[in-house]
Every structure is written in C-alpha cells, then in structure tokens.
Amino acid sequence: MKVAVFGIGYVGLVQAAVMAEVGHDVLCIDIDQNKVDRLKEGLIPIFEPGLTPLVKSNYEAGRIDFTTDAARGVEHGEVIFIAVGTPPDEDGSADLKYVLAVAETVATHMRSHKIVVNKSTVPVGTADKVKAKIAATLADSGKSVTYDVVSNPEFLKEGAAVNDCMRPDRIILGTDSEAAEKKLRELYSPFNRNHDKIIVMDIRSAELTKYAANCMLATKISFMNEMANLAEVFGADIENVRRGIGSDPRIGYQFIYPGCGYGGSCFPKDVQALARSATAAGYTARVLEAVEEVNYAQKEKLFEYISRHFSGDLKGKTVALWGLSFKPNTDDMREASSRVLMEKLWAAGASVKAYDPEAMEETQRIYGSRNDLTLMGTKEAALEGADFLVICTEWQAFRAPDFEMMKQKLSMPLLFDGRNLFEPKLMMEYGLHYYAIGRGLSVKGH
Ligand code: UDX
C-alpha cells in the first residue's frame with residue numbers, strides 16, 4: 001500500500017520504518033531539508049534501538065524514501081499519516097498549528113480520495129478541526145474531492161519504540177467511515193497477528209483513549225511517589241510496600257516504581273494538556289492536577305535531600321551525576337529530572353560532573369559549555385574529584401558499580417539514588433551513606 005507520513009519525528013519515523021519493513025511503499029515528508037538529506041545518508045536524528053538498521057535497509061530496498069516535497073507526498077499516499085509535533089502552548093495546552101498546517105497542505109495538493117490519519121497526540125475534537133480545515137481549503141480552491149479523517153493514536157515507548165510498533169498491544173482506530181476502517185485494517189494486517197488487536201471506535205473516544213492511557217500511567221507513578229513520601233514520614237520502606245501491593249493482580253507490578261519523577265515527551269505534556277482542555281471545557285480535572293503537582297515536587301526531591309544533608313550549604317561542592325536522560329535507553333532529555341536537579345545545584349553554587357551512556361551530546365546542546373558542568377567519558381571519571389554521587393536514571397550500567405572504588409574516588413562516602421537501585425542495608429555494609437526515595441530510615445540518615 002502507498003503510504004505518506006508527514007513529520008519525521010519520533011513517532012513518524014518509527015511508524016514509517018515498520019510499515020516499510022512489512023512491505024508498504026512509504027514516503028516521508030518533512031519541512032527540514034537537512035533532516036531529509038541526512039536520513040537518505042542513513043543518519044538517524046534520534047537514538048532508538050534497532051531503528052538505524054531498519055531505516056537503512058528499507059531505504060536501500062526502495063521501500064522508504066524521504067522528501068520535502070509535500071505535493072509528491074500527497075500524490076503518493078492513499079493513506080496519509082499526520083505525525084507532526086503538538087508542542088505545549090504557554091498555558092500547557094497542545095498547539096495544533098503543525099497538525100492543521102499539514103491538513104491544509106494535504107487539501108491543497110489532493111486530487112483523489114485520501115484517508116488522513118492522525119497519529120499525533122491531539123486534544124479531543126482535533127479530528128473535527130482537521131476535517132474542517134481540509135473542507136475549507138478544498139472549498140477555497142473549488143475542488144470537490146472526498147476524504148476521510150481517522151484518529152489512530154500511537155502508544156510507543158522510547159527505547160522500545162520499534163518493538164512497540166512491530167508488535168502493538170492494540171491498534172486504536174477512531175473513524176466514522178467503513179471504507180477507511182477497511183483500508184486501515186488492511187494496512188495494519190501484518191501487525192495484527194495472533195489475535196485481533198484492532199479496536200474500532202468513534203473518533204473522539206479514540207482521541208481521548210490516548211490521553212487516558214498516558215494519564216493513567218502518570219497517575220500510577222505520582223501515586224507511588226506520594227506513597228514513597230508517606231513511607232518517609234512514617235519510617236516505612238516503599239520498596240516493601242511496592243512488592244506488597246504489586247502482588248495484587250488488579251494493581252500489578254508495572255509502573256509503580258517510585259523515583260525522582262517522570263519526564264519525557266509524553267507524560268508531562270499529556271497530563272498538562274488534558275487538564276488544560278478540561279478547564280477550557282469548564283471541568284476541573286482534580287486528579288490530573290494533583291498528578292502534575294506531585295510530579296513537580298518529586299523532581300525536586302533529590303535536591304531537597306542534598307540540601308538538607310549539607311544544611312543548605314552547597315557552594316563550591318562538586319557533584320558526580322550518573323544519568324541525564326529522562327529514562328534509560330534514550331538520549332531524550334525532555335522534562336528529565338536530571339535537569340531540575342542540575343539547575344538547582346548550579347543555583348546553589350555547586351558544580352556537576354556528569355556521565356550518561358547516550359545523552360551527553362543532547363546535554364551539551366541544551367546547556368552549551370559552562371564552568372559548572374563537565375561531561376565525562378565514563379561513569380568512573382565522573383566520580384574523580386567529586387564530593388558525592390547522585391543517580392537520576394536507572395541505566396543498566398549503573399546497577400552493579402564497584403562501591404569500593406566509588407568510595408575511594410569520592411571525597412565523601414555519600415550516595416543519593418533517585419531510582420532506588422540498591423539495598424540500604426548493603427550500602428551501610430559498604431560504609432556508604434545512602435539516600436533513596438521513600439526508603440524510611442535510609443532517608444532520615446543512619
Ligand atoms: C510513555 C508511555 O509509556 C507510552 O505508552 C506513550 O506512548 C508515551 O509515553 P515514554 O515517555 O517513552 O512512554 O516512557 P515510559 O517508559 O513510559 O517512562 C516515562 C517516565 O516515567 C520516565 O521518566 C520513567 O522514569 C518514569 N517511570 C516509569 C517511573 O518513575 N516509575 C515507573 O514505575 C515507570
């Protein structure tokens with residue numbers, strides 16, 4: 001099937017690559033010529049396991065191509081995906097200007113029936129706006145061409161995006177057109193094996209499903225972080241509590257890991273966007289607002305521990321920091337807890353020696369060169385000459401460090417762990433003063 005994908009960001013590129021892999025003829029369109037040129041050379045703009053070979057081999061096989069030529073894109077695709085960004089507005093609501101610009105472009109160039117599929121995460125009601133934009137543009141140019149608009153939200157996780165797209169748990173199709181449903185069932189049939197994963201519904205429910213999924217997961221995390229804070233208050237250990245409640249299958253073990261807050265491109269943005277659109281519709285989404293508030297506070301948790309430990313005097317301290325990305329297996333720093341921590345440390349007069357397996361370039365890009373940030377080539381080098389260590393991201397490579405060496409390199413045997421990687425008892429045996437999230441006595445010091 002001939003497919004066009006507008007927007008070669010995270011969602012667009014991964015979706016395009018897996019569609020090409022199963023044999024569809026995919027053309028990706030982006031306004032960024034440099035990005036297009038680099039992709040043709042096999043240079044992938046994001047770090048995502050498995051994506052580079054997938055894009056390269058399909059490009060070589062002629063199943064995927066990249067262009068800035070929107071007219072060619074519209075001509076090519078029987079099905080046209082919109083996968084452009086929806087960055088938050090100043091007030092946190094999703095900005096639809098890119099989505100609507102693609103709708104207008106599609107309408108400007110279309111000469112036959114098109115199925116326009118929205119993959120971007122957009123507020124409920126956006127499909128109607130896309131429909132209206134296409135209708136108005138067609139009317140302006142006096143064309144009478146038919147089209148369908150479908151909502152087909154993505155559920156991929158960074159770091160596992162290729163697998164999530166190749167083997168989705170569900171494929172949500174929000175549509176009011178039987179013909180569009182039939183076409184998309186055909187498009188997705190290579191991904192719809194074992195059992196039927198396609199769930200068809202009305203467009204608005206599909207749009208809300210995406211937000212509901214992310215907000216539910218964010219709620220689980222903020223809830224656990226609140227429990228972790230209570231565990232500190234009451235001298236309990238949240239890790240025992242986590243195991244205790246996760247064993248109930250109605251609760252489950254997933255997404256109940258307490259830590260220094262959630263980040264990334266989805267949770268913070270989507271919780272905020274749904275809460276804002278609720279307010280705009282005259283409803284106060286109290287749970288969502290609390291989820292957001294708890295997460296803000298949680299991102300400041302590590303700094304609070306550190307500041308309390310040093311009675312607020314951090315001037316001249318050198319802090320080793322392991323983990324900069326918002327989670328492992330990505331170089332994405334969007335809304336990362338490490339950023340809140342570093343910025344607070346700098347403001348307090350401390351400097352940071354940081355290491356991350358993938359996000360060093362991104363950190364450099366965000367912060368440029370500054371005296372109070374040194375990016376080190378290894379996790380060991382980050383410890384050299386530092387006073388104490390903080391861990392913000394649970395990369396596998398941080399799970400079994402050499403604690404003796406850690407103690408030798410740091411000027412103080414002091415570790416702040418934002419991801420609860422170690423057992424407080426073991427840390428005590430190593431002679432390390434260990435702070436973790438919600439681990440009762442360890443937080444109060446021993
Ligand atoms: C998320 C959703 O999982 C995905 O389905 C959706 O399509 C996009 O948003 P992603 O942002 O890539 O994916 O990351 P995810 O693995 O969900 O982690 C998000 C954040 O939550 C990370 O900062 C992570 O550290 C944090 N997290 C996750 C916790 O703090 N505790 C947990 O138990 C799980």
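**Strands, annotated sites and the ligand shell in a predicted model**

Asn194 counts as exposed, because just 6 C-beta neighbours fall inside 10 Å and a residue with 12 or fewer is placed in that class. This is a predicted model, and Asn194 makes a convenient entry point to it. The residue sits in the loop that links α8 (178-188) to β8 (198-201). Its phi is near 65°, a positive value in a residue other than glycine. As a rule, most residues other than glycine have a negative phi.

Glu335 offers a second case of this kind. Here phi is near 60°, again a positive value in a residue other than glycine. Glu335 belongs to the loop between β9 and α14. With 19 C-beta neighbours inside 10 Å, Glu335 counts as partly exposed, since burial calls for 20 or more.

The loop between β9 and α14 (337-347) also holds Arg334, a residue that appears in the UniProt record. There, an unreviewed entry gives the annotation "binding site" to Asp30, Lys35, Thr86, Thr121, Glu158, Lys269 and Arg334. These positions span 305 residues of sequence and are spread in space as well, with up to 24.5 Å between C-alpha atoms. Two of the annotated residues, Arg334 and Glu158, are worth following in more detail.

Arg334 is partly exposed, with 17 other C-beta atoms within 10 Å. Apart from neighbours within four places in sequence, Arg334 is in contact with Gly263, Gly264, Ser265 and Phe326. Glu158, for its part, is found in the loop between β6 (147-151) and α7 (161-166). Glu158 is buried, because 24 other C-beta atoms lie within 10 Å and the threshold for burial is 20 or more. Beyond neighbours within four places in sequence, the contacts of Glu158 are Glu48, Gly264, Thr330 and Asp332. Gly264 therefore appears in the contact list of Glu158 and in that of Arg334, where contact is defined by C-beta atoms within 7 Å.

Glu158 and Gly264 turn up once more around the ligand. The ligand is surrounded by 19 residues, and the closest are Glu158, Tyr257, Tyr262, Gly264 and Cys266. Among the elements of the fold, helix α9 (residues 203-234) gives the most to this shell, contributing three residues. Sorted by class, the shell around the ligand comprises eleven nonpolar, four polar and four charged residues.

Turning to the strands, an open sheet of six is arranged in the order β11-β10-β9-β12-β13-β14, with parallel pairing. At its edges stand β11 (373-375) and β14 (433-435); each has a single partner strand, so one side of each lacks a neighbour in the sheet. On average, neighbouring strands of this sheet are turned by 20° against each other, direction ignored. In general, strands of a sheet pair through backbone hydrogen bonds, either parallel or antiparallel. Within the order given above, β9 (residues 318-322) and β12 (residues 388-391) run parallel and are joined by four bridges. Val319 stands opposite Phe388 in β12.

Parallel pairing is also found between β1 (residues 2-6) and β2, over five bridges. There, Lys2 has Asp25 in β2 as its bridge partner. Strand β2 (residues 25-29) is mostly covered, with four of its five residues buried.

Note on methods
Residues are numbered from 1 along each chain as its sequence is written. This is a predicted model: local features need pLDDT of at least 70, side-chain atom pairs count only at pLDDT 80 or more; totals for chains, interfaces and linings use all residues. Two strands pair if DSSP finds at least two bridges between them. Helices (H or I, at least four residues) and strands (E, at least two) are DSSP runs, numbered from the N terminus. Axes are lines fitted to C-alpha atoms, for helices over the stretch in contact, and angles run from 0 to 180 degrees between N-to-C directions. UniProt positions are given in the numbering used here, feature names are shortened, and annotations may be inferred rather than shown by experiment. Two residues are in contact if their C-beta atoms, placed from the backbone, lie within 7 Å. A residue is near a molecule or strand if its C-beta atom, placed from the backbone, lies within 6 Å of it. Ala, Val, Leu, Ile, Met, Phe, Trp, Tyr, Cys and Pro count as nonpolar, Asp, Glu, Lys and Arg as charged, and the others, Gly among them, as polar.
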